[in-house]
Amino acid sequence: MSLNIVEFRQYTLHPGTRETLIELFEREFVTGQEAVGITLGGRFRDLDDPDRFVWVRAFPDMAHRRRALEAFYTGPVWRAHRDAANATMIDSDDVLLLRGPGFAPERGTREVAATVCEPSDAAAFDEYAARYLGPHHALHRTEHAENDYPALPVRTGLDVRLWFGPAEPAPWPVRRLRLEPVG
């Protein structure tokens with residue numbers, strides 16, 4: 001399993017606009033990003049927040065990320081649809097920059113659990129992961145490289161682990177997300 005640079009993006013939307021963004025995203029932004037070399041992963045409705053859209057995208061490395069983001073955000077697809085997309089959003093800066101395999105749910109999956117954990121002890125987390133998390137959990141860790149595309153902020157100063165799927169409760173504070181795949 002190759003490790004990639006992964007963005008885990010959580011958008012807070014204006015009330016009642018999530019389906020508008022999802023329709024636009026699926027119609028325009030999936031193929032628009034794939035055309036410039038971005039690998040799109042899962043796209044989700046947050047089941048516990050009707051005004052939240054969560055999605056994953058991946059890049060082979062940081063240099064590829066910068067080039068692909070520049071190509072997309074200066075390209076025709078984003079220029080044509082950015083105003084409509086931005087009109088749905090209150091906040092699009094809740095982004096974790098991670099290293100991991102990326103994640104897309106299997107077709108037909110109805111609900112996905114995602115867990116964000118900030119372990120206080122990396123070695124203890126590694127022991128937890130070895131015991132309770134397998135390859136099917138798509139474990140990700142913070143990528144500490146500098147964000148070389150500052151037009152899109154990422155959260156810094158964190159050392160998180162993120163995984164998909166159910167697992168034994170971690171002994172550290174976690175944030176669990178219940179996600180419904182789009183599409």
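## Meeting the model

Two residues are in contact when heavy atoms of theirs lie within 4.5 Å. With that in mind, welcome to this structure, which is a predicted model. A good place to try out the idea of contact is His137, which touches Tyr132, Trp163, Phe164, Gly165, Pro166 and Ala167, leaving aside residues up to four places away in sequence. We will come back to His137 after a look at the whole chain.

## The chain as a whole

The protein chain has four helices and eight strands. Following the sequence, they come in the pattern β-α-β-β-α-α-β-β-α-β-β-β. The radius of gyration is 16 Å, close to the 16 Å that the globule rule gives for 183 residues, so the chain is as compact as a globular protein of that length. Measured out along the principal axes, the C-alpha atoms fill a box of roughly 50 × 35 × 30 Å.

How much of the chain is buried? Of its 183 residues, 48% count as buried. The accessible surface comes to about 9100 Å², and carbon and sulfur atoms make up 51% of that surface. Contacts also link distant parts of the sequence: among those with a separation of 6 or more, 81% are between residues 24 or more positions apart.

## A helix with two sides

Helix α3 covers residues 76–86, and within this helix Trp78, His81 and Ala85 are buried. Why do these three belong together? They cover an arc of only 105 degrees around the axis, which puts them on the same side of α3. An α-helix has 3.6 residues a turn, so residues three or four places apart point the same way.

On the other side of α3 you will find Pro76, Ala80 and Asp83, which are exposed. And what covers the buried residues of the helix? The cover includes helix α1 (18–34), helix α2 (62–73) and strand β4 (89–100).

## Salt bridges, singly and in a network

The model has 18 salt bridges. One of them joins the side chains of Glu7 and Arg9, with 3.0 Å from N to O. Both partners, Glu7 and Arg9, are buried.

Another salt bridge connects the side chains of Glu70 and Arg66, at 4.0 Å from N to O. These two residues both lie in helix α2, four residues apart, which is about one turn of the helix. Buried or partly exposed? Glu70 is partly exposed, since its relative accessible area is 35% and buried means under 20%. Arg66, at 28% relative accessibility, also counts as partly exposed.

A further salt bridge is the one between the side chains of Asp159 and Arg161, 3.1 Å from N to O. Salt bridges that share partners join Glu7, Arg9, Arg57, Arg65, Arg66, Glu70 and Asp148 into one network.

## Arg161 and its surroundings

Arg161 lies in strand β7, which runs over residues 161–164. Its relative accessible area is 4%, so Arg161 is buried. Its salt-bridge partner Asp159 counts as partly exposed at 33% relative accessibility. A polar contact of 3.1 Å also joins the side chains of Arg161 and Asp159.

Which residues does Arg161 touch? Not counting residues up to four places away in sequence, they are Thr115, Val116, Cys117, Pro119, Ala122, Phe125, Leu139, His140 and Arg141.

## The loop before β6

The loop between α4 (122–132) and β6 (140–142) holds Ala138. Ala138 has a positive phi of about 50 degrees, although it is not a glycine. Its relative accessibility of 7% means that Ala138 counts as buried.

Here we meet His137 again, placed in the loop between α4 and β6. His137 is buried, with a relative accessible area of 3%. Pro166, one of the residues His137 touches, offers its backbone oxygen to this picture: the side chain of His137 reaches that oxygen at 2.7 Å. For a sense of scale, the C-alpha atoms of His137 and Arg66 are separated by 27 Å, and the two residues are 71 residues apart along the chain.

Terms used: Residues numbered from 1 in each chain as written. Predicted model: local features only at pLDDT ≥ 70, side-chain atom pairs only at ≥ 80, totals over all residues. Heavy atoms only, no water. Buried < 20%, exposed > 50% of the residue type's maximum accessible area, 1.4 Å probe, protein only. Arc of directions from axis to C-beta. Rg over C-alpha atoms; globule rule 2.2 N^0.38 Å. Areas by Shrake-Rupley, 256 points an atom, 1.4 Å probe, with all protein chains shown as cover. Polar contact = N/O pair within 3.5 Å; in protein donor to acceptor, adjacent residues only side chain to side chain.
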